[in-house]
Amino acid sequence: QVQLVESGGGAVEAGGSLRLSCAVTGDPISDYCMAWLRQAPGKERRDVARIDKSDYITYVDDVKGRFTISKDSATNTLYLQMDSLKPEDTGMYYCAATYVCEDRFEYWGQGILVTVSS
């Protein structure tokens with residue numbers, strides 16, 4: 001059974017940085033397409049960044065140049081480095097995994113809150 005556990009969220013002022021971590025247990029992280037998704041208050045959950053099995057990375061336009069997704073196969077951990085944070089980055093951040101990036105995510109973390117104040 002694959003489990004995903006996020007950590008590293010919190011409150012920060014605009015312009016600050018946070019790094020989210022997602023610890024993966026049950027299977028090697030290299031077997032999956034991994035992603036970070038965000039659900040802002042009152043809005044639908046949507047992709048922020050993805051990294052596939054070949055380490056091909058995609059970002060949603062409004063985080064390009066500010067956020068960096070990465071993974072460490074040795075520790076089975078997914079990361080999201082978030083710099084130059086804006087109030088609109090506020091929301092619940094979820095780690096997710098799927099075998100094929102084009103498919104729906106099979107596994108989800110519980111979510112972690114990021115709050116950016118102006």
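A residue counts as buried when its relative accessible area is under 20%, as exposed when that area is over 50%, and as partly exposed in between. By that rule Asp61, at 60% relative accessibility, counts as exposed, whereas Asp89, at 1%, counts as buried. The model discussed here is predicted, and a search of the whole structure finds 2 disulfides, while the count of salt bridges comes to 7. The points below take up the disulfides, the salt bridges, two residues with positive phi, and the surroundings of Gly111 and Thr58.

**Disulfides**

- One disulfide joins Cys22 to Cys95, with an S to S distance of 2.0 Å, and this pair links distant parts of the chain, since Cys22 lies in strand 3 (residues 18-25) and Cys95 in strand 9 (residues 91-98), 73 residues apart.
- The angle about the S-S bond of Cys22 and Cys95 is -75°, and the link is left-handed; both Cys22 and Cys95 are buried.
- Another disulfide joins Cys33 to Cys101, with the sulfur atoms 1.8 Å apart, and here too distant parts of the chain are linked, with Cys33 in strand 4 (residues 33-39) and Cys101, 68 residues away, in the loop between strand 9 and strand 10 (107-108).
- For Cys33 and Cys101 the angle about the S-S bond is 80°, which goes with a right-handed link.
- Cys33 has a relative accessible area of 1%, and therefore it is buried.
- When the bonded cysteines of the chain are numbered in sequence order, the pairing reads 1-3, 2-4.

**Salt bridges**

- Asp89 forms a salt bridge with Arg38, the closest N and O atoms being 3.1 Å apart, and the pair links distant parts of the chain, with Asp89 in the loop between strand 8 (77-82) and strand 9 and Arg38 in strand 4, 51 residues apart.
- Both partners of this salt bridge count as buried, Asp89 because its relative accessibility is 1% and Arg38 because its relative accessibility is 5%.
- Asp89 and Arg38 also belong to a network of salt bridges, in which they are linked with Arg46, Asp62 and Arg66.
- Lys71 forms a salt bridge with Asp55, with 3.2 Å between the closest N and O atoms, and this pair likewise links distant parts of the chain, Lys71 being in strand 7 (residues 67-72) and Asp55 in the loop between strand 5 (46-51) and strand 6 (57-59), 16 residues apart.
- The two ends of that salt bridge fall in separate accessibility classes, for Lys71 is buried, with a relative accessible area of 17%, while Asp55 counts as partly exposed at 47% relative accessibility.
- Lys64 forms a salt bridge with Asp61, where the closest N and O atoms are 3.0 Å apart; Lys64 counts as partly exposed at 49% relative accessibility, and Asp61 counts as exposed at 60%.

**Positive phi outside glycine**

- Most residues other than glycine have a negative phi, which is the background for the two residues that follow.
- Asn76, in the loop between strand 7 and strand 8, has a phi near 55°, a positive value in a residue other than glycine, and with a relative accessible area of 15% Asn76 is buried.
- Ser84 has a positive phi of about 50° although it is not a glycine; Ser84 is placed in the loop between strand 8 and strand 9 and is partly exposed, with a relative accessible area of 41%.

**Surroundings of Gly111 and Thr58**

- Gly111 lies in the loop between strand 10 and strand 11 (112-117), and because its relative accessible area is 11%, Gly111 is buried.
- Leaving aside neighbours within four places in sequence, Gly111 is in contact with Glu6, Met92, Tyr93 and Tyr94, and its C-alpha atom is 12 Å from that of Gln3, although Gly111 and Gln3 are 108 residues apart in sequence.
- Thr58 is in strand 6 and counts as partly exposed, with 34% relative accessibility.
- With neighbours within four places in sequence left aside, Thr58 is in contact with Val48, Ala49 and Arg50, whereas the C-alpha atoms of Thr58 and Gly9, which are 49 residues apart along the chain, are separated by 22 Å.

Definitions and conventions: Residues numbered from 1 in each chain as written. Predicted model: local features only at pLDDT ≥ 70, side-chain atom pairs only at ≥ 80, totals over all residues. Heavy atoms only, no water. Disulfide = S-S within 2.5 Å. Helix = DSSP H or I, 4+ residues; strand = E, 2+ residues; numbered from the N terminus. Buried < 20%, exposed > 50% of the residue type's maximum accessible area, 1.4 Å probe, protein only. Contact = heavy atoms within 4.5 Å. Salt bridge = Lys/Arg side-chain N within 4 Å of Asp/Glu carboxyl O.
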